[in-house]
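Q: Here is a structure to go through. Let us take its labels one by one.
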Amino acid sequence: MADGVTTGSAPVVAGRRPGVRWRARYRAVPWWVRITVVYVVARIVTGAMLLAYAGQQAANSFTVQHPSYLSFAAIWDGAWYRVIATGGYPSTLPVDAAGHVTENAWAFMPAYPFLVRGLMLLTGASFEAVAVTVSLVAGWGAALVFRRLLGRFLDDGRATFATVLFCVAPVSAMFQVAYAESMGMFLLLVALLLLVDRRWWTMLPVVLLLGMTRPTGLAFGLLVALFLVVWAVRPAWVREYARPTVRTALPPLVVGAVSGLVGLAWPAIAWAVTGVPKAYTDTELAWRSSYIGWQELVPFTPWVQGFGWWFRQPAGGILLAVAVVGFAVFVFQPAARRVGLELRLWAVAYVVYLLAVFFPQSSTWRILLPIAPLLGIVALPRSSVYQVLLVAACLVLQWMWLDACWLVDGYDWTPP
């Protein structure tokens with residue numbers, strides 16, 4: 001009987017030993033090395049997709065036929081960032097025959113192209129090489145900070161899987177093209193991590209630079225305002241578990257005010273340089289004029305207009321209502337509490353900002369990238385089948401997004 005037990009149990013132990021050893025070795029690898037490997041592999045896969053589409057690309061206003069990777073990665077908004085990096089911003093706004101302001105460089109924040117310009121002067125490298133390198137490095141930093149941020153709320157496995165999703169997301173090509181999104185995401189995630197850790201004064205320079213990289217200043221100011229309201233009304237929802245006092249509320253009040261002022265600073269700078277009070281907003285409206293014509297910006301009407309254009313009314317209004325309600329349910333479902341109040345409030349603040357000013361078009365998917373911390377909710381299920389299918393779905397959607405938006409097809413009205 002004893003021999004039977006021994007021989008019966010030995011294969012089980014032996015069968016488990018390789019798995020135990022593998023897990024021990026995996027845990028011995030520093031977390032940042034694991035995330036770096038994931039990021040590099042993801043960028044190689046996405047790079048292969050971009051190269052495949054570059055091989056199909058016909059000659060167009062951006063590139064020659066079958067361009068190199070760097071040329072193909074610097075089209076669309078990359079062309080505007082090249083204009084800014086090499087020539088700055090126009091002091092006179094371009095207008096059409098009817099006097100309407102047309103598309104111009106003032107739609108783009110200065111931090112990314114000016115950084116690229118400085119590195120170009122320092123290294124002598126081309127715009128394409130420097131811009132793509134900055135995006136790759138900033139994306140790597142964003143992945144590392146993303147893992148740290150989600151690790152404040154989730155266990156190692158879930159936080160790591162959420163980071164995998166971040167690295168292979170349908171619009172993750174932004175981490176390796178000449179766009180400011182990569183740098184903006186890095187700064188945003190740093191700011192959110194500092195907010196979670198309540199390092200308010202350290203957050204100030206980050207918020208300043210973030211507001212000059214991507215137009216998120218007003219949204220981040222709204223986040224801080226929402227946080228203060230929740231803290232004052234329901235302090236049990238906040239880690240401090242005590243209502244704010246003048247002393248404890250002052251740092252976030254300063255951060256929120258500074259962020260809001262940064263959000264207004266760029267329109268003011270455009271006004272000062274061009275002499276046109278609405279230089280920035282008129283420039284932004286130029287991009288939607290091909291859809292709905294020339295109209296004034298009325299807050300919270302662009303999405304109604306956009307859904308009406310895409311789906312006609314009343315279907316557009318119904319779909320918009322379903323989308324907004326669905327987002328609210330997703331963010332406030334009981335399971336979503338696992339990712340923390342701060343990250344959910346950020347998603348709400350950013351979406352409210354988009355609903356107020358953004359017109360939904362082909363770049364919408366890219367514009368939604370800043371709510372990526374909500375991937376922590378998506379990463380909660382532990383099923384291996386679920387995780388594999390989700391990564392596969394992200395890769396398929398990457399391919400579809402590149403095909404629909406990045407590839408230039410004649411007169412293309414679907415910019416990413």
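Q: Why is E240 called buried, partly exposed or exposed?
A: This is a predicted model, where local features need pLDDT of at least 70, side-chain atom pairs count only at pLDDT 80 or more, and totals for chains, interfaces and linings use all residues. Residues are numbered from 1 along each chain as its sequence is written, and side-chain values use heavy atoms, with hydrogens and water left out. Buried means under 20% relative accessible area, exposed over 50%, partly exposed in between (1.4 Å probe, protein chains only). E240 has a relative accessible area of 33%, so E240 is partly exposed.

Q: What makes R198 and E240 a salt bridge?
A: The term requires a side-chain nitrogen of Lys or Arg within 4 Å of a carboxyl oxygen of Asp or Glu. The closest N and O atoms of R198 and E240 are 2.8 Å apart, and the two form a salt bridge.

Q: Is R198 buried or exposed?
A: R198 has a relative accessible area of 15%, so R198 is buried.

Q: Which side chain meets R198 in a salt bridge at 3.0 Å?
A: That of E342, N to O. E342 lies in helix α15 and R198 in the loop between α8 and α9, so the pair ties together parts 144 residues apart in sequence. Helices are DSSP runs (H or I, at least four residues), numbered from the N terminus.

Q: Why does E342 count as buried?
A: Because its relative accessibility is 5%.

Q: How do you know that D156 and R147 meet in a salt bridge?
A: Their side chains come to 2.6 Å, N to O. At 9% relative accessibility, R147 counts as buried. D156, at 34%, counts as partly exposed.

Conventions. Helices (H or I, at least four residues) and strands (E, at least two) are DSSP runs, numbered from the N terminus.
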